[in-house]
Amino acid sequence: QTCALPICMHFGIDVAHLDPTGAVVHVEHLRRNRIGRPILRGGSVVEATAGSFERWGIAVGISIEVRE
């Protein structure tokens with residue numbers, strides 16, 4: 001289960017919930033001071049400034065490689 005918490009942020013964010021294989025299972029666009037809903041299939045979360053995912057083509061069904 002994953003959840004995004006942009007509390008006290010002064011800008012909106014895009015949130016992608018990934019399953020353990022890196023596939024995007026849910027995308028949210030959260031306005032400032034909003035809490036995202038829990039996503040049961042989520043294994044990790046990727047966040048970016050609002051509007052970034054549209055520019056990058058991130059949507060449900062694609063796979064994302066997360067590098068540390």
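Five of the seven residues of strand β2 are buried, so this strand is largely enclosed by the rest of the structure. The model in which this is seen is a predicted one, and the protein it describes has one helix and three strands, arranged along the sequence in the pattern β-β-β-α. The points below take up the whole chain, then the sheet and its strands, and then selected residues and side-chain pairs.

**The chain as a whole**

- The protein has 68 residues, of which 38% count as buried.
- The protein exposes about 4,600 Å², and carbon and sulfur atoms supply 53% of that area.
- When contacts are restricted to residues at least 6 apart in sequence, 63% of them join residues that are at least 24 apart.

**The sheet**

- The three strands make an open sheet in the order β2-β1-β3, and the pairing in this sheet is antiparallel.
- The edge strands are β2 and β3, the latter covering residues 44-49, and each of them pairs on one side only.
- From one strand to the next, the twist averages 20°.
- Strand β1, which spans residues 13-18, pairs with β2 in the antiparallel sense over six bridges, and six bridges also join β1 to β3, again with the two strands running antiparallel.
- Strands β1 and β2 form a hairpin with five residues between them, and in the turn G22 has a positive phi of about 95°.

**Strand β1 and its partners**

- Strand β1 is mostly covered, since six of its six residues are buried.
- In a regular strand, side chains alternate between the two faces of the sheet.
- In β1, I13, V15 and H17 point one way while D14, A16 and L18 point the other way, and all of these residues are buried.
- On the β2 side, I13 has L30 as its bridge partner, D14 stands opposite H29, and A16 stands opposite V27.
- On the β3 side, the bridge partner of A16 is V46, so that A16 can be followed across the sheet from V27 in β2 to V46 in β3.**Residue H26 in strand β2**

- H26 lies in strand β2, which runs over residues 24-30.
- With a relative accessibility of 16%, H26 counts as buried because the cut-off for that class is under 20%.
- Leaving aside neighbours within four places in sequence, H26 is in contact with V15, A16, H17, R37, I39 and V60.
- Of these contacts, V15 and H17 point one way from β1, whereas A16 points the other way.

**The loop between β2 and β3**

- P38 is found in the loop that lies between β2 and β3.
- At 45% relative accessibility, P38 counts as partly exposed.
- P38 and H17 are 21 residues apart in sequence, and their C-alpha atoms are 9.6 Å apart in space.

**The helix and its aromatic pair**

- The structure holds one aromatic pair, and this pair is formed by F53 and W56, with 6.1 Å from centre to centre and 45° between the planes, an arrangement classed as tilted.
- Both F53 and W56 lie in helix α1, which covers residues 52-56, and they are three residues apart, or about one turn of the helix.
- Which of the classes, buried or exposed, applies to F53? At 1% relative accessibility, F53 counts as buried.
- W56, in contrast, is exposed, with a relative accessible area of 53%, a value that falls in this class because the cut-off for exposed residues is over 50%.

**The salt bridge**

- Side chains of opposite charge can pair when their charged atoms come close.
- A search of the whole structure finds one salt bridge, in which the side chains of R67 and E65 meet at 3.3 Å, taken from N to O.
- Both of the residues in this salt bridge, R67 and E65, are exposed.

How values were computed:
Residues numbered from 1 in each chain as written. Predicted model: local features only at pLDDT ≥ 70, side-chain atom pairs only at ≥ 80, totals over all residues. Heavy atoms only, no water. Helix = DSSP H or I, 4+ residues; strand = E, 2+ residues; numbered from the N terminus. Buried < 20%, exposed > 50% of the residue type's maximum accessible area, 1.4 Å probe, protein only. Contact = heavy atoms within 4.5 Å. Areas by Shrake-Rupley, 256 points an atom, 1.4 Å probe, with all protein chains shown as cover. Salt bridge = Lys/Arg side-chain N within 4 Å of Asp/Glu carboxyl O. Pairing = 2+ DSSP bridges. Axes fitted to C-alpha atoms, helices over the stretch in contact; angles between N-to-C directions. Phe/Tyr/Trp six-rings, centres within 6.5 Å; stacked < 30°, edge-to-face > 60°.
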